[in-house]
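Hi,

Here is the structure I said I would pass on. Have a look at it first, and my notes come after.

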Amino acid sequence: MEIKMFGTVVVGVGIAGLARIRDLMNPMPSSPSEHLKLFGFVSRRSFGNINEAKQISLEDALRNKDIHAAFISTENRSHEETIRMFLEAGKHVLVEYPMALSAKAAHDLWEMAEQKGKVLHVEHIELLTEEYKQLKKEVAGKDLVKGTLHFTGSVLDENKSGFPAFSGIARLTWLIDLFGDLTVTSATREKQKDKNYSRMTVHFQTPGSSSSADLFGCLENFPEAPRSSVGLFMQDQNLFAKKLLGQVSKEELAAEKWRILRCLDLAEVIQQYCEEPEKIYS
C-alpha cells in the first residue's frame with residue numbers, strides 16, 4: 001500500500017519556524033506527522049541550510065508541485081498575504097495565530113480555502129497545554145455569566161504584531177473554548193511607554209445574561225498539571241496532518257472554524273472600543 005506523503009515548506013524562521021523545521025525533520029513515530037516531508041524553508045534572510053533543511057525561494061515554494069502544504073511562521077502582519085499566496089497556488093496552509101489582523105480578512109481567507117478545497121489550519125497551542133486541559137475539566141459544567149479579561153505585557157511593535165487583541169488572541173480562545181459565545185460590553189486600554197507597560201481590560205458577558213460573576217481568578221492561576229511527553233508544536237503538527245489525511249470529523253472542523261473566526265470578530269470589536277475617541281462630557 002502506498003503511503004500518502006505531503007511535501008511541506010516552512011515560511012519564516014523565527015522561534016516558531018525553527019521549532020516547525022525541527023518537528024518536521026523528526027516526526028513522532030507512528031503518528032500522522034510521518035506523512036509530512038519537509039522540502040525546505042523560505043526566509044528573507046540568507047541561511048543556506050538549517051540542519052538538513054535547505055533554503056528555497058518563495059517562488060519555488062509556490063510553484064513546486066511536490067510541495068502540498070506551507071507552514072507560515074512569519075510575523076503577524078504578513079500572515080494574511082502569505083496565506084493568500086499559498087492558497088492561490090493550491091497549497092494547504094498551517095499558520096501560527098493570529099491568522100490575520102482583521103476579521104474580514106480572516107473570513108475571506110477561510111472562504112477562499114473552502115472554495116479551493118484546501119485545509120486552512122490555525123495553530124492555537126494554548127489549547128494543547130496540560131494545564132489548560134486540566135482547567136477545562138475543572139470548569140466543565142460551570143457557567144460564565146460575566147467576566148473581565150486583562151491583557152498585560154510589554155509594549156509590542158504593533159506594526160509587526162498587530163493590535164494586542166489580535167496578538168494576544170490566545171486569551172480570547174481560552175474563554176470561547178471554555179464557555180462558548182461571549183459578547184464584549186466594553187474595552188479600555190492604557191499604555192505607559194516610558195515603563196514599557198501596556199494593559200487592556202475587556203468586559204464581556206454570555207448571551208442572555210444580566211447578572212454578574214467574575215471569572216478573574218480562574219485564568220490567572222492555572223491548575224498544576226504534569227508536562228506532556230509530546231511537545232505542543234508536535235501535537236499541533238499531528239492535528240494538521242490528520243486534517244490532510246481526512247481523519248478529522250466535519251463537526252470538529254466546523255466547531256474549530258467557528259471558534260477561530262468568532263475570536264477574531266471579538267478581537268476586532270475590542271480594537272474598535274479601544275480606539276474610540278475619548279468621550280467628553282460637558
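Below is what I found, going from the overall picture down to single residues.

First, a caution: this is a predicted model. The protein has 11 helices and 10 strands. Of its 282 residues, 46% are buried. If you take the contacts between residues at least 6 apart in sequence, 74% of them join residues at least 24 apart.

**The cores**

In soluble globular proteins, nonpolar side chains tend to be buried together. Here the largest nonpolar core has 52 residues, and those with the most contacts inside it are Val9, Ile83, Met99, Leu120 and Ile270. There is also a second, separate core of 17 residues, with Leu24, Leu38, Ile50 and Phe71 among them.

Met99 is a good one to click on. Setting aside neighbours within four places in sequence, its contacts are His79, Glu80, Ile83, Ala106, Leu109, Trp110, Leu120, Val122, Ile260 and Leu264. Two of the other core residues named above, Ile83 and Leu120, are in that list.

**The cavity**

Rolling a probe the size of a water molecule over the atoms shows where empty space is left. In this model, one cavity of 30 Å³ or more turns up, and its volume is about 30 Å³. What lines it? The lining is made by Tyr97, Pro98, Met99, Val122, His124, Ile169, Ile260 and Leu264. By class that gives seven nonpolar residues, one polar residue and no charged ones. Met99, from the core, is part of this lining, and it also touches Val122, Ile260 and Leu264.

**Tyr97 and Pro98**

Tyr97 sits in the loop between β6 (92-96) and α4 (103-116), and Pro98 lies in the loop between β6 and α4 as well. The peptide bond from Tyr97 to Pro98 is cis, with omega near -10°.

Is Tyr97 buried, exposed or partly exposed? Its relative accessibility is 23%, so it counts as partly exposed; the cut-off for buried is under 20%. Not counting residues up to four places away in sequence, Tyr97 touches Asn76, His79, Val122, Glu123, His124, Glu126, Ser167, Ile169 and Ala170. Ser167 is 70 residues from Tyr97 along the chain, yet their C-alpha atoms are separated by 7.7 Å.

**Thr173**

Thr173 is found in helix α8 (residues 169-179). With a relative accessible area of 1%, Thr173 is buried. Beyond its neighbours within four places in sequence, Thr173 is in contact with His124, Glu126, Leu127, Arg259 and Cys263. His124 and Glu126 also appear among the contacts of Tyr97.

**The second largest pocket**

This pocket has a volume of about 490 Å³. Its lining has 19 residues, and those nearest its centre are Leu127, Leu128, Leu239, Glu256 and Arg259. The elements that give two or more residues to the lining are β7 (120-123), α5 (130-139), α10 (232-244) and α11 (250-275). Which of them gives the largest share? That is α10, with five residues. By class, the lining has seven nonpolar, four polar and eight charged residues. Leu127 and Arg259, both named here, are also contacts of Thr173.

**The hairpin**

Strands β9 (residues 183-192) and β10 (residues 197-205) run antiparallel and are joined by nine bridges. Lys191 stands opposite Ser198 in β10. The two strands form a hairpin with four residues between them, and Asn196 in the turn has a positive phi of about 55°.

**Two more positive phi values**

- Ser30 is not a glycine, but its phi is positive, near 55°. Ser30 lies in the loop between α1 (15-25) and β2 (36-42) and is exposed, with a relative accessible area of 73%.
- Asn51 is not a glycine either, and its phi is positive at about 55°. The loop between β3 (49-50) and β4 (53-54) holds Asn51, which is exposed at 62% relative accessible area.

If you have the viewer open for a few minutes, I would start with the cavity lining, Tyr97 and Pro98 included, and then go to Thr173 in α8.

Cheers

Note on methods. Residues are numbered from 1 along each chain as its sequence is written. This is a predicted model: local features need pLDDT of at least 70, side-chain atom pairs count only at pLDDT 80 or more; totals for chains, interfaces and linings use all residues. Side-chain values use heavy atoms; hydrogens and water are left out. On a 1 Å grid over the protein atoms alone, a cavity is a set of points where a 1.4 Å probe fits but cannot get out, and a pocket is an open set with protein on both sides within 12 Å along at least five of seven lines; lining residues have an atom within 4 Å of a point. Grid points are joined across faces, edges and corners, and a volume is the space filled by probe spheres set on the points. Ala, Val, Leu, Ile, Met, Phe, Trp, Tyr, Cys and Pro count as nonpolar, Asp, Glu, Lys and Arg as charged, and the others, Gly among them, as polar. Buried means under 20% relative accessible area, exposed over 50%, partly exposed in between (1.4 Å probe, protein chains only). Contact means heavy atoms within 4.5 Å. Two strands pair if DSSP finds at least two bridges between them. A nonpolar core is a set of buried Ala, Val, Leu, Ile, Met, Phe, Trp, Tyr and Cys residues joined through side-chain atoms within 4.5 Å.
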